[in-house]
Amino acid sequence: MTRMKLAILISGRGSNMEALLKTASGDKSHLEPVLVISNRPDAAGLGIARGYGVPAVAIDHKAFKDREAFERAMDAELRKAGVELVALAGFMRVLTPWFVNAWEGRLVNIHPSLLPKYPGVDTHERALAAGDAEHGATVHYVTSGVDEGPIIGQSRVKVMPGDTPDTLAARVLETEHALYGLCLEAIASGKPTRPVERRMVLKFDEASGYLDLWVPAAAG
Ligand code: GRF
């Protein structure tokens, strides 16, 4: 089986990255993680990636004169490693149109809201402030507008009485870890990834609310 060469871009703890590395270690995975890049040299995720035997490099954005110079350094590493698919996983740099165009159709992101609701930051605070009954996460292709590209899959959780931004974030994060791998496997296996049409119940629990996923039809 041919596996798609995957790079994961991070800035911090890397829990979504680790979930993807676990998915990719499965016998039936269509993903081959070949590189992890962090723009922050102190990102905890770098050590985790190396623990999985995946080459992990820091490219400190502060060392470059502008965004594009930093991105050209990342682009060179990605090409050297033969990367075919780039997954942003808590990567906290806005990318320029140059990089987005160079990787268009091969660049995906996970965002902690039910896009198109709440692009940008503080998504959990905003969902609570709005009194939303549901919240979740979205995997989408990256385009030059922030958090705007075509949606590949979404996970959804119930907002519970007494939720704080932290409790809600934790419940959403648990679904992110399942969602991202499902969406990337669908892409890597060459199955159509749109429209988002299939709902999969991952867990239902009266006390903690529910987690469910809408994933590409081909992903299950
Ligand atoms: C996740 O909530 C992700 O959706 C967002 O940033 C967070 C990254 O967390 N883009 P981690 O580094 O994957 O643990």
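These questions and answers look at the ligand and its pocket in a predicted model.

Visitor: Where does the ligand sit?
Guide: Look for a pocket with a volume of about 930 Å³. That volume belongs to the largest pocket. The ligand sits in the largest pocket.

Visitor: Which residues lie nearest the centre of the largest pocket?
Guide: The lining of this pocket counts 36 residues. Elements that give two or more residues to it are helix H1 (15–24), strand E5 (107–111), helix H5 (123–129) and helix H6 (165–188). Nearest the centre are Gly90, Phe91, Met92, Ile110 and Pro112.

Visitor: How many charged residues are in the shell around the ligand?
Guide: Start with the names: Arg13, Gly14, Ser15, Asn16, Gly90, Ile110, Pro112 and Glu176 surround the ligand. Two of the shell residues are nonpolar and four are polar. Arg13 and Glu176 count as charged. The number of charged residues is two.

Visitor: Which residue has a side-chain N or O atom 2.6 Å from an oxygen atom of the ligand?
Guide: A polar contact needs N or O atoms within 3.5 Å. Gly14 places a backbone N or O atom 3.0 Å from a ligand oxygen. Ile110 has a polar backbone atom 3.1 Å from a ligand nitrogen. The side-chain contact at 2.6 Å comes from Glu176.

Visitor: What percentage of the ligand's accessible area does the protein cover?
Guide: Take the ligand on its own first. Its accessible area is then 370 Å². Of this area, the protein covers 85%.

Note on methods. Residues are numbered from 1 along each chain as its sequence is written. This is a predicted model: local features need pLDDT of at least 70, side-chain atom pairs count only at pLDDT 80 or more; totals for chains, interfaces and linings use all residues. Side-chain values use heavy atoms; hydrogens and water are left out. A residue is near a molecule or strand if one of its heavy atoms lies within 4 Å of it. A polar contact is a pair of N or O atoms within 3.5 Å; within protein, one must be able to donate a hydrogen and the other to accept it, and residues adjacent in sequence count only if both atoms are side-chain atoms. Accessible areas come from the Shrake-Rupley method with a 1.4 Å probe; for residues, only the protein chains shown count as cover. On a 1 Å grid over the protein atoms alone, a cavity is a set of points where a 1.4 Å probe fits but cannot get out, and a pocket is an open set with protein on both sides within 12 Å along at least five of seven lines; lining residues have an atom within 4 Å of a point. A molecule sits in a cavity or pocket if more than half of its atoms lie within 2 Å of its grid points. Grid points are joined across faces, edges and corners, and a volume is the space filled by probe spheres set on the points. Helices (H or I, at least four residues) and strands (E, at least two) are DSSP runs, numbered from the N terminus.
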